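Me: I would like to go through the terms used for this structure and see what stands behind each one. Please set each value against its definition.

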Amino acid sequence: MELSYSEEERAFQQEVREWLADNLPADIAEAGRAGDGLTKEMMERWHALLNSKGWLATTWPVEFGGPGWTPVERHIFEEECCRAYAPRIVPFGLSMLGPVLQAFGSKEQQDHYLPRILSGDDWWCQGYSEPGAGSDLASLKTRAVREGDHYVINGQKTWTTLGQHANKIFCLVRTSTEGKPQEGISFILVDLDTPGIEMRPIKLIEGGHEVNEVFFTDVKVPAENLVGEENKGWTIAKYLLTHERTNIAGVGFSMQALEEVKALARKVKRGGRPLIENPLFAARIARAEIQLEAMKITNLRMLFQAQSQGAPGPETSILKIKGTVIHQELRDLARRALGPAAAPFPGHVSDGNIVFGPPDTAHNAARYFNNRKTSIFGGSNEIQRNILTKTMLEM
Amino acid sequence: MDFTLTDDRRMLKDTLSRYLSDKYGMEHRNKVAYETPYHDPAKWAELAELGALFALAPEDKGGFGGQGFDISVVFEELGRALCPEPVLGSLMAARLLGAAGGDMEPLLSGEVIHAVAVDELDAPYDPADMAATAEAKGDGHVLSGRKTAVYGGQAAQVFLVAAMLNGKPALFEVQAGDAQTVTYGMMDGGGAAELMLDATPAKLLMADAGDALADAQNAGVLALCSEAVGLMEVTHAITVDYMKQRKQFGVPIGKFQVLQHRAVDMLTEIEQARSMVIKLASELDGPEAGRFAAMTKALIGEAARLVAEEAIQMHGGIAMTWEYPVSHYAKRLVMLDHQLGDTDHHLGRVIEGYAA
Ligand SMILES: Cc1cc2nc3c(=O)[nH]c(=O)nc-3n(C[C@H](O)[C@H](O)[C@H](O)COP(=O)(O)OP(=O)(O)OC[C@H]3O[C@@H](n4cnc5c(N)ncnc54)[C@H](O)[C@@H]3O)c2cc1C
């Protein structure tokens with residue numbers, strides 16, 4: 001047993017830390033701290049900075065432009081990014097479609113699309129979920145019918161994250177209604193400028209716009225945009241979902257939240273004393289911190305397993321469940337600590353200069369509500385438990 | 001023993017319920033709750049006409065109710081409809097004016113909206129910690145300090161303000177026109193104000209208002225907890241209904257036992273919450289009101305969070321949207337913990353009682 005990083009890993013950590021200190025733009029870090037969302041321009045600027053350093057496509061093999069890092073190095077990189085309040089890279093092109101094209105795409109598709117993901121020329125979004133197909137993704141109904149050298153797509157996708165910034169969408173579509181539902185699904189790439197596509201915003205609980213509905217009416221897509229074989233899309237979908245689950249524990253983000261909560265509880269007062277001295281509230285922090293400390297090691301144990309055995313196992317569902325619950329609890333504490341100062345709706349105050357809580361806390365209530373999503377998407381925590389029941393308990 | 005409502009209260013409940021479901025539907029509610037002035041002045045007047053405010057004061061003060069159960073009937077219905085009208089301020093002001101002996105008619109008729117300003121940023125929840133001060137000046141007083149999250153303050157014409165006078169919490173009346181306010185809409189809809197007092201002229205109502213403030217807060221806690229029961233019941237009903245409709249994997253998700261049991265746990269917590277509210281309503285004018293208020297608010301704080309979070313989780317993505325009512329019920333349920341003392345504050349009060 002050796003819990004610390006090797007000498008090389010520590011040197012790598014230092015290198016990353018220094019590069020971030022020198023290159024992460026202050027306005028981008030500040031937007032992360034304040035939690036009021038990054039603009040498209042900020043996301044693109046950070047994407048380009050990482051790309052020029054060669055640290056963008058952290059999961060890609062070297063031949064496609066990845067840095068060739070081990071899982072532990074990737075983990076160190078993510079940890080350092082969180083520490084510095086660097087934003088999370090938009091995952092749809094880099095962590096989802098990239099690996100799919102590398103494993104299932106044709107040479108032409110790889111040559112065309114992969115460089116455009118790196119350069120930022122293409123912004124991809126994910127067209128999996130439909131109004132009737134959430135947890136039961138295989139029941140999806142959006143139809144693609146082959147007509148000559150095209151597919152004609154009709155149907156609706158929903159929950160499309162950051163679709164408003166995207167120019168492309170990868171979709172799961174139904175190409176056959178025969179056999180089991182999983183057997184008639186295909187994976188296809190669609191240009192969002194194609195006639196017949198309409199995108200509508202969905203406003204979320206806290207008032208933000210990060211997801212959309214996408215409607216397809218007789219949308220003609222070239223047949224060469226199919227990835228892999230027709231009716232073999234389910235295999236690709238499942239492959240992609242395992243990539244969606246990298247860094248699923250979100251330990252770095254929870255460490256940020258823990259520090260924020262502690263700093264906040266030292267500043268705000270109850271009964272004339274700092275809130276952190278209130279044993280009831282301090283116990284809430286302590287419980288979350290203990291869970292997080294254990295989660296760091298659980299995460300590393302699974303990382304080590306992935307490093308030595310190749311692929312992450314179904315145990316990663318444990319990371320998803322516990323990781324989201326810890327983070328949601330910390331977001332609860334960050335809201336709770338503010339007391340009455342959590343009440344204002346950000347942006348709905350008659351005098352925008354007036355201060356309520358300590359710096360960077362105006363969005364604490366909004367962030368708590370928005371974060372309820374993390375136990376729903378990427379396979380809900382109930383679905384993760386079903387997976388664990390089947391694979392780990394064999395019941 | 002009898003756990004049924006009197007005929008008068010049953011009638012009041014039905015009247016409010018019918019009015020709110022006819023006139024204050026979800027679409028209208030969301031329109032007014034998140035835009036200035038963060039309530040609907042016309043509907044406010046209609047609610048007052050129906051007696052929603054007169055029900056909050058006893059007959060000898062010009063009302064027709066004023067007991068714990070009158071308060072809980074009114075606020076439970078407001079909760080069911082997720083109504084953002086500033087009734088809480090009226091209730092607390094009615095308790096304070098009742099103790100101070102002021103004229104209640106303008107308040108109870110709804111003509112003059114009152115808001116109560118006690119909390120401060122560094123002294124949330126407990127008037128004993130407050131820093132705002134009063135000073136005698138001429139034949140009146142002036143107040144200084146900042147009052148925070150004054151619910152309904154965005155719409156109020158009159159503020160009842162607590163401030164320290166000669167080392168004691170005193171109660172003052174401040175006209176909205178004399179005070180500098182910053183108004184805002186809240187995360188969960190409805191409005192509030194920050195009251196920036198800076199040698200602001202005020203009329204002294206009570207020099208030693210400690211007991212009156214405690215009584216107003218107990219009544220306010222009863223109101224919020226009754227509201228929460230209404231909110232939780234509606235949230236639960238929508239959730240159960242959705243579980244029966246929504247199909248995944250070829251069956252209604254309500255067929256999954258793991259969700260069934262959680263929906264039952266929500267129900268259990270709601271029943272416990274209702275019982276505690278009944279207890280507090282019956283004790284409101286008794287010697288142990290403070291203790292039962294603390295117990296009720298602590299219990300409701302936890303139940304409300306559970307119901308809000310579970311309702312969202314068991315719906316899936318749909319309850320994360322602005323368009324779906326549960327998201328707004330959930331916000332109200334959670335943010336209610338930030339009003340008049342959160343779970344920990346009230347647990348602390350219960351614990352303090354053990355030392356005595
Ligand atoms: C903010 C946000 C962003 C998203 N971004 C994207 C995106 O970019 N692209 C995309 O394709 N999708 C996206 N999604 C969709 C997400 O993947 C779905 O919300 C998720 O799959 C759950 O589906 P659902 O919302 O339809 O809930 P449902 O599947 O209807 O589930 C409702 C409830 O039933 C439970 N349940 C379902 N089946 C079972 C079972 N067998 N056993 C026990 N419980 C069960 C669920 O856990 C949940 O609690 C996003 C969702 C959100 C909220």
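Reply: The answers below take one residue and then the ligand.
This is a predicted model, in which local features need pLDDT of at least 70 and side-chain atom pairs count only at pLDDT 80 or more, while totals for chains, interfaces and linings use all residues. Residues are numbered from 1 along each chain as its sequence is written, chains are lettered from A and ligands numbered from 1 in the order in which they are written, and side-chain values use heavy atoms, without hydrogens and water.

Me: Why is Glu309(B) called buried?
Reply: Its relative accessible area is 13%. Buried means under 20%, exposed over 50% and partly exposed in between, with a 1.4 Å probe and protein chains only, so Glu309(B) counts as buried.

Me: What is Glu309(B) in contact with, leaving aside its neighbours within four places in sequence?
Reply: Glu309(B) is in contact (heavy atoms within 4.5 Å) with Tyr368(A) and Arg372(A).

Me: What makes the pair formed by Ser135(A) and the ligand a polar contact?
Reply: A polar contact with a ligand is a pair of N or O atoms within 3.5 Å. A polar side-chain atom of Ser135(A) is 2.6 Å from a ligand oxygen atom, so the pair qualifies. For Asn386(A), a side-chain N or O atom lies 3.1 Å from a nitrogen atom of the ligand, so that pair qualifies too.

Me: How much of the ligand does the protein bury?
Reply: The protein buries 94% of the 970 Å² that the ligand exposes when taken alone, by the Shrake-Rupley method with a 1.4 Å probe.

Conventions: Polar contact = N/O pair within 3.5 Å; in protein donor to acceptor, adjacent residues only side chain to side chain.
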